[in-house]
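Q: Please take a close look at one part of this structure: the place where the two copies meet. Walk me through it step by step.

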There are 2 protein chains.
Amino acid sequence: MNKITSYLEDAKQLVNAHLLTLIDKLQAPKILMEAMRYSLSAGGKRIRPILLLATLEAFEENREKGLDVACAIEMLHTYSLIHDDLPAMDNDDLRRGKPTNHKVFGEANAILAGDALLTYSFEIISSIPEREEVTPDMKLELIRRLAQAAGPEGMVGGQVEDLRNENNPNLSLQELENIHYNKTGKLIIYSIIAGAILAKAGEEKINLLEKFAYHLGIAFQIQDDILDVIGDSEKTGKPTGSDSVKEKSTYPKLLTMEGAKEKLNEHFEQALFYLEKANIHDEILKGIALYVVKREN
Amino acid sequence: MNKITSYLEDAKQLVNAHLLTLIDKLQAPKILMEAMRYSLSAGGKRIRPILLLATLEAFEENREKGLDVACAIEMLHTYSLIHDDLPAMDNDDLRRGKPTNHKVFGEANAILAGDALLTYSFEIISSIPEREEVTPDMKLELIRRLAQAAGPEGMVGGQVEDLRNENNPNLSLQELENIHYNKTGKLIIYSIIAGAILAKAGEEKINLLEKFAYHLGIAFQIQDDILDVIGDSEKTGKPTGSDSVKEKSTYPKLLTMEGAKEKLNEHFEQALFYLEKANIHDEILKGIALYVVKREN
């Protein structure tokens, strides 16, 4: 394994263990805890929490400091997947090669497991112990920005627009990017900014990292679209070409496959440009960015 | 109108106006904002936000100070109604005499409107302006307690248990009370405690008010069950006897109608006992408690 692969693996273990600790703490109905645990353990890449931890390290801070917020982000992301998969939304039976939450626990419990994960993510941030050098103002900033990234002006709004345009193959590139920006970009950006906030970074560095994250988020999405066309369905865990079946607008469709790859590269270069300008210990963040555009699932 | 009726009406107007201001502020997809607005404007009694405002006044504090938190609670309560009404849950077509959210906007938008209201409620509390003499520590406490009241250990957990026992007419009184405590009691308790926190009440008064709110919450639920049997369906907005059709356990079923009324009175008396012990300017809170047990819808 190269350095980045082993970093990712190690950070993932750290996140996975803490996620389970946080769930085990709850005194809640057994079926609800099982449903929450099921989707949290369904084998995600943990890109968002890992970006937070890596950002902390880029500021030479201890990554344990960010573990609670990192897990809150992953819980919130997981809730969005559970709700997106519901029959009324994307109606997906499989996620990462496993039956989706509502297939296993029924629709009502899936909706409620999502609601619970969303709500708990805010509790986790508000409950970060004092000793961790995270001030009340920092926690409030983290909560406020998370709600903005995830709520009606962010992820939820993006999902509404995405569903509204499901059968619209004529989206412009601008419209497509705006949907992705809201639906997935803002939470990716938040993950990195949350790390910077925890590291007490100044406004200038936060602004540069926001631009880094913005381009990284688009690159991530383009690679997703590319993998949907050419990817190995065993690796991606979903049938190849599933976007195409749904008439969804994608980067390869709008720009051709060649054009999509070019666009991916442009955003990757832009991301690195801003990351370098931030002038932090960015080796791992760079490695993760490279991993994002080269990944096969 | 007597004093309490006019207080309730006036406070309701205040809450309603602020709710719409908070929604109008959002830059979100039109259909999403409409769906959020629709259920927020569907004519609720606003008992929870009004309890918060009345608690503030019982401590001789300006109620404007609590308006943001009051509206956050009402948004969170409204999200829970939208999700509860979904086909996968209670499958209700009507709520307060109007078509439910998913009947008007479709299931996907209803789920997302609920998600948006839940997420936005945390943003609202985290964004309370500094000038309002609400310290960062107070805001965090308000967020933490709200998430606890509403999440897996509170309202969501209660709804899971409620659904699981939907066709179980043999619940014990203890089990029934536990479900109500989680599903509705904790948010009612939160509403009052949030007012006390904003008024910088000491621990002793908060504990007494928590007991007041606990008994008030049960009284509220018993009256709901009684109204379901004897209520005028034009006033309650739902068909009389709808719990009975669903084989749901209710207070009248477990205790007979006579017994349920007795129980209601017991909890009402207990509520007043603790309220008086708190030794605050409790005239309005008392009036609201009386209104809760005497109401006809």
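A: Start at the rotation axis. Pro136(A) is the residue of chain A that comes closest to the axis, at 2.9 Å (C-alpha). This is a predicted model: local features need pLDDT of at least 70, side-chain atom pairs count only at pLDDT 80 or more, and totals for chains, interfaces and linings use all residues. Residues are numbered from 1 along each chain as its sequence is written, while chains are lettered from A and ligands numbered from 1 in the order in which they are written.

Now the symmetry. A turn of 180 degrees and a shift of 0.0 Å along the axis lay chain A on chain B with an RMSD of 0.0 Å (superposed by least squares on the C-alpha atoms of residues with pLDDT of at least 70 in both copies). The two copies are thus related as by a two-fold rotation axis.

Next, the contact itself. Chain A gives 42 residues and chain B gives 42 residues. Two residues are in contact if their C-beta atoms, placed from the backbone, lie within 7 Å. On the chain A side, the elements that give two or more residues are α2 (30-40), α6 (107-126), α7 (136-150) and α8 (155-164). Helices are DSSP runs (H or I, at least four residues), numbered from the N terminus. The most comes from α6(A), with 13 residues.

By class, this side of chain A has 24 nonpolar, 10 polar and eight charged residues. Ala, Val, Leu, Ile, Met, Phe, Trp, Tyr, Cys and Pro count as nonpolar, Asp, Glu, Lys and Arg as charged, and the others, Gly among them, as polar.

Finally, compare the two sides. 100% of the interface residues of chain A are also interface residues in chain B, so the copies meet through the same surface.
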